[in-house]
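Here's a quick walk through a metal site and some charged pairs. Have a look at the fold before reading on.

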Amino acid sequence: MSGKILYVEDNPQNMRLVRKILMAAGYDVIEATEGLMGVAVAARECPDLILMDVNLPDINGLEATARLKASPQLAWIPIIAVTANAMHGDREHCIAAGCDGYLAKPVMKNELLNTVASFLNNSAPARAGHRQS
Ligand code: MN
């Protein structure tokens, strides 16, 4: 697995967990802990994919997503919303805001890897969790 993934997340435990899973699968992970920082890092680093927490300290993840999708240079980057809001219709809310995909917290390893791989067009995503490297 290869690819550069930006994770925008203000919760250190979630950040640590997701970083560990993605790095073990071979991805490069870059981080931002606030919405505006996430937009700035995305513009600077041009990641292959963005995981976007919805509840952030400054602008929320949906606003950050809208700003990224409004940029001709950045709109192509797939954005997967990551949210603890398990309310009915939340997925539709994220998609309507411009997110390309959706993951519910708590993040599950295989679901995370399968979703990321599907957006990066990698093959055999289900096997990533069983690699020994
Ligand atoms: Mn948060």
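Is D53 buried or exposed? D53 counts as buried, with a relative accessibility of 3% in this predicted model. That puts it under the 20% cut-off for buried residues.

So what does D53 do at the metal? Along with D10 (OD), D53 (OD) and N55 (O) are the protein donors of the manganese ion, at 2.0 to 2.2 Å from it. Along the chain, these donors are spaced as D-x42-D-x1-N. D10 and D53 link distant parts of the chain: D10 is in the loop between β1 (4-8) and α1 (12-24), while D53 is in strand β3 (residues 49-53), 43 residues apart. Unlike buried D53, D10 is partly exposed, at 35% relative accessible area.

Now for the charged pairs. The structure holds seven salt bridges, including these:

| Pair | Closest N to O distance |
|---|---|
| K105 and D53 | 3.0 Å |
| E45 and K4 | 3.5 Å |
| R44 and E45 | 3.5 Å |

Back to D53 for a moment: its salt bridge partner K105 lies in the loop between β5 (101-104) and α5 (109-120), and D53 is in strand β3, so the pair ties together parts that are 52 residues apart in sequence.

The other two pairs belong together, since shared partners join K4, R44 and E45 into one network. E45 sits in helix α2 (residues 35-45) and K4 in strand β1, 41 residues apart. As for accessibility, R44 is exposed at 62%, whereas E45 is partly exposed at 27% and K4 is partly exposed at 25%.

How values were computed:
Residues numbered from 1 in each chain as written. Predicted model: local features only at pLDDT ≥ 70, side-chain atom pairs only at ≥ 80, totals over all residues. Heavy atoms only, no water. Donors = N, O, S within 2.8 Å, 3.2 Å for Na, K, Ca; no water. Helix = DSSP H or I, 4+ residues; strand = E, 2+ residues; numbered from the N terminus. Buried < 20%, exposed > 50% of the residue type's maximum accessible area, 1.4 Å probe, protein only. Salt bridge = Lys/Arg side-chain N within 4 Å of Asp/Glu carboxyl O.
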